[in-house]
Amino acid sequence: MKKNFAYSADFDENTEKLFREAVYLGQGHNGIVYKLPDKKAIKIFLKKKVCNDEGSILSRTNGSKYFPRLYKKGKLYVVRDLVEGNRLDKYIRHNGLSCELIENIFELLLEFERLKFKRLDIRCKDIYVIDNGRLMIIDPKKAYTRNVDYPRHLMKGLSKIGELERFFAGIKNIDSKKAVIWELKFKRYCEKAKLADLQ
């Protein structure tokens with residue numbers, strides 16, 4: 001259950017006008033999101049550091065088809081494109097994990113490399129499936145600061161919904177070398193996690 005926080009942000013005049021028509025969408029651990037007119041969204045953050053991190057990532061990824069366009073960044077808020085669709089894990093539960101979707105996920109992970117991310121990972125709940133299986137990212141975090149060289153959180157999410165083996169099989173058809181490396185790293189991670197639980 002999410003805690004209730006008191007949010008405060010100093011909007012400029014234009015953002016203030018837009019916010020008068022805002023519709024509440026949801027709240028996470030780091031911020032609260034509202035839908036704005038013209039298919040935009042505003043996210044208000046609790047901490048400047050988190051706002052700066054997300055704002056910086058969105059600024060650097062502007063132009064990528066996988067990220068919402070950034071329009072404005074304040075001290076505690078960002079205004080960006082609205083991302084509609086279904087969360088990846090919920091989409092897969094309802095529609096299954098197709099070869100085409102696996103290919104789209106793989107292309108997304110290659111985009112992370114192209115954008116020179118240090119964190120080549122994303123959680124299922126931060127990927128949205130929109131029209132025609134297109135993928136979009138919400139809540140990008142620590143992409144340029146945290147070193148993760150394979151999609152660990154993504155695999156944990158796929159494992160949770162029973163689709164990890166199908167994912168590995170699909171990746172093997174696209175890039176067998178990467179599939180073997182990812183599978184090995186994930187198995188090692190799971191073994192370490194089990195050992196930590198036992199201690």
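Analyst: Buried means under 20% relative accessible area, exposed over 50%, partly exposed in between (1.4 Å probe, protein chains only). This is a predicted model: local features need pLDDT of at least 70, side-chain atom pairs count only at pLDDT 80 or more, and totals for chains, interfaces and linings use all residues. Numbering starts from 1 along each chain as its sequence is written, and side-chain values use heavy atoms, without hydrogens or water.

User: Is Cys-124 buried or exposed?
Analyst: Look at the relative accessible area of Cys-124, which is 4%. That is under the 20% limit. Cys-124 is therefore buried.

User: How many disulfides does the structure hold?
Analyst: A disulfide needs two cysteine sulfur atoms within 2.5 Å. For Cys-124, the nearest cysteine sulfur is that of Cys-190, 14 Å away. Cys-124 is in no disulfide. The structure's count of disulfides is zero.

User: Why is Cys-190 without a bond to Cys-124?
Analyst: Burial first: Cys-190 is partly exposed, at 29% relative accessibility. Now the distance: Cys-124 has the closest cysteine sulfur to that of Cys-190. The pair is too far apart for a bond because the gap is 14 Å.

User: At what angle do α4 and α6 pack?
Analyst: Helices (H or I, at least four residues) and strands (E, at least two) are DSSP runs, numbered from the N terminus. Helix α4 covers residues 99-114 and helix α6 covers 164-174. Their axes, lines fitted to C-alpha atoms over the stretch in contact, lie 9 Å apart. The angle between N-to-C directions, on a scale from 0 to 180 degrees, is about 70°.

User: Which residues of α6 does α4 meet?
Analyst: Contact means heavy atoms within 4.5 Å. From α4 come Ile-102, Glu-103, Ile-105 and Phe-106. On the α6 side they meet Arg-166, Phe-167, Gly-170, Ile-171 and Ile-174.

User: Which strands are the edges of the five-stranded sheet?
Analyst: Two strands pair if DSSP finds at least two bridges between them. This open, antiparallel sheet has the order β1-β2-β3-β5-β4. Neighbouring strands are turned by 20° against each other on average, direction ignored. An edge strand pairs on one side only, and the edges here are β1 (23-27) and β4 (70-73).

User: Which residue in β2 stands opposite Val-23?
Analyst: Strand β2 spans residues 31-36. β1 and β2 pair in the antiparallel sense over four bridges. Opposite Val-23 stands Lys-35.

User: Which strands does helix α2 touch?
Analyst: Helix α2 spans residues 48-60 and packs on the five-stranded sheet. The direction of α2 makes about 150° with that of β4. The strands touched by α2 are β3 (40-45), β4 and β5 (77-81).

User: How many residues of β5 are buried?
Analyst: β5 has a partner on each side. Five bridges join β3 to β5, with Ala-41 opposite Arg-80. Three bridges join β4 to β5, with Lys-72 opposite Val-79, and a hairpin of three residues connects these two strands. β5 is mostly covered, and its buried residues number four of five.

User: What is the bridge partner of Val-129 in β8?
Analyst: The three-stranded open sheet has the order β6-β7-β8, with antiparallel pairing. Its edges are β6 (86-87) and β8 (134-137). Four bridges join β7 (residues 127-130) to β8. The partner of Val-129 is Leu-135.

User: What angle does α4 make with β8?
Analyst: α4 also packs on the three-stranded sheet. There it touches β7 and β8. Its direction and that of β8 make an angle of about 40°.
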